[in-house]
Amino acid sequence: MTQPTSTTPIKATLVDITKCIGCRACQVACKQWNDRDGEETQLDFNLGFQNPATLSAKTLTLITFHELPDEKAPGGLHYLFTMRRCLHCLEPACASACPTTALDRRSDGPVIYDANKCIGCRYCIWACPWGVPTAEWDSLAPKIQKCTHCADRTEQPPPMARNGQALTDEESKQYRENIVTPACVKACPADCLSFGTRDEILQKARNRISDHPDKYVDHIYGEKEAGGTSVLYLSSVPFEKLGFPEAVSGAFQTGAACRTTGCHGGGCYARGRLRIL
Amino acid sequence: MVVGAMLAGAYAFFRRRASVLAGPSAADSEPHHIEFEPIREKLLTPTNKLLLILMAFGAISLLARFALGLGGSTHLSDTYAWGLWIVFDLVWIAVAAGAFATAGLIYVFQRKDLYSMGRSAVLMGLLSYSFVTVTLVADLGLPWHFYQLGLQAPEQSAMFEVSWCVGLYVTILLLEFLPVPLERWGLQRAMDIWRRWSGAYVALAATLFVYLLSRNVLYAAMAALVFSFLAFRARGREGEPIMLAIAAVTLSTMHQSSLGSLFLLMPDKLGPQWWSPVMPISFFLSSIAAGTALVVLIEMWIARAWKRQLRITQLSAMGKITFWSLLVYLVFRLADMLVRGQLSSAFSGGLGALFATEILLGGVLPLVLLARENLRTRPSALFIAELMVTMGIIFNRVNVVLLAMRLKGPMPQFTPETYSPTIFEWGISIGLIAATIFLFGLGARLMPLLPAERPQQGD
């Protein structure tokens, strides 16, 4: 696992839940870029128009629908939509679980998957506190599927020229930035998603909270959770109301603590390295 | 950790040497005077016919698993990514700890009085671990990528350590058991090779293991040095596979504990009565209790099924070891919960009932039964106590993997699926257990596995 360093900026995405209009353009763009099959529509009374109900090997990005009681809102209900997908932890539990480094964190942030290394033990599915990795259960060679923060988009070469004219440095930089932007962020028509380095994104999130303290709860989900993630959320309601687990940080710090307090003797190293070796 | 285990092995070795030096006459003039011989029993008993049917069912299930795929042959899902097979693996490895515990006791701690149980315990361990490996191959989605375990080095992964430990331990068990068939069929040359090279193999395996887990040539060289030295010193002691016993204890310590480490990553899912940062140690300690308990149960079953004499002196001595290991395990686990403030609320709710059952029926009650010498030497009491210990530890593993796991399903974790194993999942697990029992019986008929019967009870 590559440790975050100051020399490689971490790429991050901000999801501003207050701006999401629930159009699911990100869900569609994700499916197109990753070439995933469609799901059979199965609406659930409790989930409203959310479709499908959960992430799966076919659906790596999902808009969840939330109806929260609110006296001020028309009809007494406050509609909220959240984009759910891999949060790309800075210290990913899935990658620390993986016995073959098939799941690994790239130095610039994305937690990526290499099916050629995977033995299919599915430890990652249980290790992830958010339930992100999923398996292709209907396949005879079931691979794991998860969002890769569009890490594969960075491998495309940017164009060298336009209409026979060589591009200026400024122009090729613009093309490059456009290309590496994840499919979901590019598709978002509501400015709900923004992409940049983690420092920039955190600053942007803090600015939004301080500019509109009435609109946001004072909590950037993912800044501290599970040791920090590179997908960060802003919300107008406390995150637990949207089903974001809050125990993640506390519980996982206990796991991390056992590594630092030195009970290596019993093999307690799951989230760290075997320092004693 | 590897270094720690190595030192423990080395320490045990010197301790053993000290005991040999202290009483050379006792150790040398009285070599283990137990003769082993194959039993003379009919093979196709009704029990064995039933076992063969179950094995056929297991074989069909295994074919179905690969023909239909995981999704088609099991009820595993993104919620229950692990199911019955993982329960069986954990349970089986725990109760198969009898092999390393017995070998360790006999050779490292010089408990020659337990020698008569050594061969059967090692064969049981070899069969169990081999079939755990078969279960794992069925459970893996992409088993043909197994070679990646040799190419990659994720030393922080407990699964990586378990894979290598179990793989190497199967080979150690095979080497531990080899002298029995070699002796039976008089393969003197093979026996000589075994005598000369098994120590070297241990040194090689230990070095490889340390290298894989550290990717550090220096540590690997240290391991090579220590184990080669041990192997060299142990060369003269023929018929005492001390090196294999040390390797067995070392590798078992590692993987029994790292099976517990697997669940360290799930504090949000596993019930607080089970999840603990020191789970690896609990897993290791409980495996010794379960392993020795199962060895006693098997011996008693053998005595009853084949109408052999019950060596109650040895069995109660083993029962005493179960008692102490169970006591250490329970005190350790409860003290840990007390320190972390988990004990006061541990007995409330549905999980509390599971926990209470596990601790009282599988822990406290057998402890009471095993504590008294006069109860321990009574076959029925010993049998019930050891059965409760085994069932208690089995229940512990079932709780950890399934019953005490509060799974929330795939993101957004609102709609967890339920799980009940399919007939094929049961088929593979039950078929492999049947195969273990059948092959053990076959081994006892073909090879000198069990001590020769004498007119009157000796030790």
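1. Let's start with what surrounds one helix in this predicted model. In chain B, the buried residues of α4(B) are covered by several helices, including α5 (98-108), α6 (115-139), α12 (242-261), α13 (279-305), α17 (379-403) and α18 (423-446).

2. How many of the residues of α4(B) are buried? The count is 12 of 12, so the helix is described as mostly covered. Scroll along it and you will meet, among others, Leu84(B), Trp85(B), Phe88(B), Asp89(B), Trp92(B) and Val95(B), which are among the buried residues.

3. The length of α4(B), residues 84-95, is a nice check to follow. At 1.5 Å a residue, its 12 residues should span 16 Å, and the end C-alpha atoms are 16 Å apart, so the two values agree.

4. Next, look at a helix pair in chain B. Helix α8 (residues 158-177) packs against helix α10 (residues 188-214) at an angle of about 180°, and their axes are 11 Å apart. Because of that angle, α8(B) is roughly antiparallel to α10(B). On the α8(B) side the contact includes Trp164(B), Leu168(B) and Ile172(B), and on the α10(B) side it includes Tyr201(B), Ala205(B) and Phe209(B). By class, this contact has nine nonpolar, two polar and one charged residues.

5. Finally, the largest nonpolar core has 200 residues. Which of them touch the most other members? They are Cys94(A), Cys124(A), Ala127(A), Ile172(B), Ala247(B) and Ala248(B). You have already met Ile172(B) in the contact of α8(B) with α10(B). Leaving aside residues up to four places away in sequence, Cys94(A) touches Leu103(A), Val111(A), Cys124(A), Ala127(A), Cys128(A) and Pro133(A).

Methods:
Residues are numbered from 1 along each chain as its sequence is written. Chains are lettered from A and ligands numbered from 1 in the order in which they are written. This is a predicted model: local features need pLDDT of at least 70, side-chain atom pairs count only at pLDDT 80 or more; totals for chains, interfaces and linings use all residues. Axes are lines fitted to C-alpha atoms, for helices over the stretch in contact, and angles run from 0 to 180 degrees between N-to-C directions. Helices (H or I, at least four residues) and strands (E, at least two) are DSSP runs, numbered from the N terminus. Angles under 35 degrees count as roughly parallel, over 145 as roughly antiparallel, 65 to 115 as roughly perpendicular and the rest as oblique. Two residues are in contact if their C-beta atoms, placed from the backbone, lie within 7 Å. Ala, Val, Leu, Ile, Met, Phe, Trp, Tyr, Cys and Pro count as nonpolar, Asp, Glu, Lys and Arg as charged, and the others, Gly among them, as polar. A nonpolar core is a set of buried Ala, Val, Leu, Ile, Met, Phe, Trp, Tyr and Cys residues joined through C-beta atoms within 7 Å. A residue is buried if 20 or more other C-beta atoms lie within 10 Å of its own, exposed if 12 or fewer, and partly exposed in between; C-beta atoms are placed from the backbone. The expected span of a helix is 1.5 Å times one less than its number of residues.
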